[in-house]
Amino acid sequence: TYTTDTKSREENKKNIESLYRLSVDIKKIRRLKEWVLLQDVAYVKEIAGILQEMGADKAAVANILERYPEAILCTPAEINSQRALWQLVCQDEKQLIKLIEQFPESFFTTEYHENQKANILFFQELGLKNNIITRFLTSAPNIFYNPVEKNKNMIETLQRNYLGLGGSDANMKIWMLKLLSQNPFILLNTSTAIQENLEFLQKNDFTDHEVLQLLSKLKGFIFQLTSTTMQKSMLFSKNVFKCSDQELKQLVLKCPALLYYSVPILEERLEGLLKEGISVAQIRETPMVLELTTQIVRYRIQKLSALGYDIKSGTLESLNGTKKDFEVNYGKIQSKKERPIFNPVAPIHIED
């Protein structure tokens, strides 16, 4: 624990001089994390030395220390331990330095070192590839702060539910690894939350096979919802599309976003579509369009309109999908429009 009482303390001149020699922007640190400059004990030269030893040039070292000045408060022993740990999953030190430069906070958070180590080994045993584990370390570091037992329990809960819903033993490992790589934050949930959400779906007449389908389609994000929010979203969709429970279930299976997004988000996206002249009937036919933000929908409609494509009278399929999917569809419509109409058997008129 470091003191943040800035009034009664002075900046550590020795540390400031060391940072200055490394071309670190002191003003930036002063503005954002001044308390770091007040600490009596810091390891500026040592941490910079370790980073340089790993292959970081002067600019990279300055960038790392500006972005995460707390790094200078770690001991060289702690950093060398982290270095050895991350090397278990990094291809080489070049990749490691690149990751530290992009995600310094994840690397220099050393107080969970033992948990990090146990979890890395557990994920490797589970069959996760090293490139996936490095992605977790940088984008979802919190899951490594958990004791390894908690993560093991969560994995066991998911496996048990997968088999309970009719999933096969043969596919379980592939399913689990795919789910984890899509959404590692699933490990931050509780077993109770998982149980409650699955029960909610079953109470709403989704068969076990359909629940498994939803788990895969929603990439496990379903566990970050509550039965209350799911209930509200489903009720909203039922009122908008004026459909029966069975029809609503089919719409949700077609577009799980109807379950995942909150009412205010669904409302805003629906209004955006209606403003563009699209009817509720069209949206009901292609509900996946609600997965897109209003801005994306507007942009895509404008691009298609420029080609003379009338979205109001046609299908919404051409709006759907990822950016790549849309570009492919757009390209097809464009080439169709530009292609000259040529009749190979028409007589050729030649002037005398």
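The legends below describe close-up views of salt bridges in a predicted model.

**View 1. Salt bridge between Glu70 and Lys33.** The side chains of these two residues, Glu70 and Lys33, come together with an N to O distance of 3.0 Å, and the contact joins distant parts of the chain, since Glu70 sits in the loop between α4 (58-67) and α5 (76-86) whereas Lys33 belongs to helix α2 (residues 26-37), 37 residues apart. Glu70 has a relative accessibility of 14% and therefore counts as buried, while Lys33, with a relative accessible area of 23%, is partly exposed.

**View 2. Salt bridge between Lys249 and Glu210.** The closest N and O atoms of Lys249 and Glu210 are 3.0 Å apart; because Lys249 lies in helix α16 (residues 245-254) and Glu210 in helix α14 (residues 208-217), the pair ties together parts that are 39 residues apart in sequence. Lys249 is buried at 7% relative accessibility, and Glu210 is buried with a relative accessible area of 12%.

**View 3. Salt bridge between Glu247 and Arg284.** Here the closest N and O atoms of Glu247 and Arg284 are 3.4 Å apart, and because Glu247 lies in helix α16 and Arg284 in helix α19 (residues 280-285), the pair ties together parts that are 37 residues apart in sequence. Glu247 is partly exposed, its relative accessible area being 37%, and Arg284 is partly exposed with a relative accessible area of 28%.

**View 4. A network of salt bridges that links Glu53, Arg83 and Glu93.** This view shows the three residues Glu53, Arg83 and Glu93, which are linked by salt bridges into a network. A search of the whole structure finds nine salt bridges.

Key: Residues are numbered from 1 along each chain as its sequence is written. This is a predicted model: local features need pLDDT of at least 70, side-chain atom pairs count only at pLDDT 80 or more; totals for chains, interfaces and linings use all residues. Side-chain values use heavy atoms; hydrogens and water are left out. A salt bridge is a side-chain nitrogen of Lys or Arg within 4 Å of a carboxyl oxygen of Asp or Glu. Helices (H or I, at least four residues) and strands (E, at least two) are DSSP runs, numbered from the N terminus. Buried means under 20% relative accessible area, exposed over 50%, partly exposed in between (1.4 Å probe, protein chains only).
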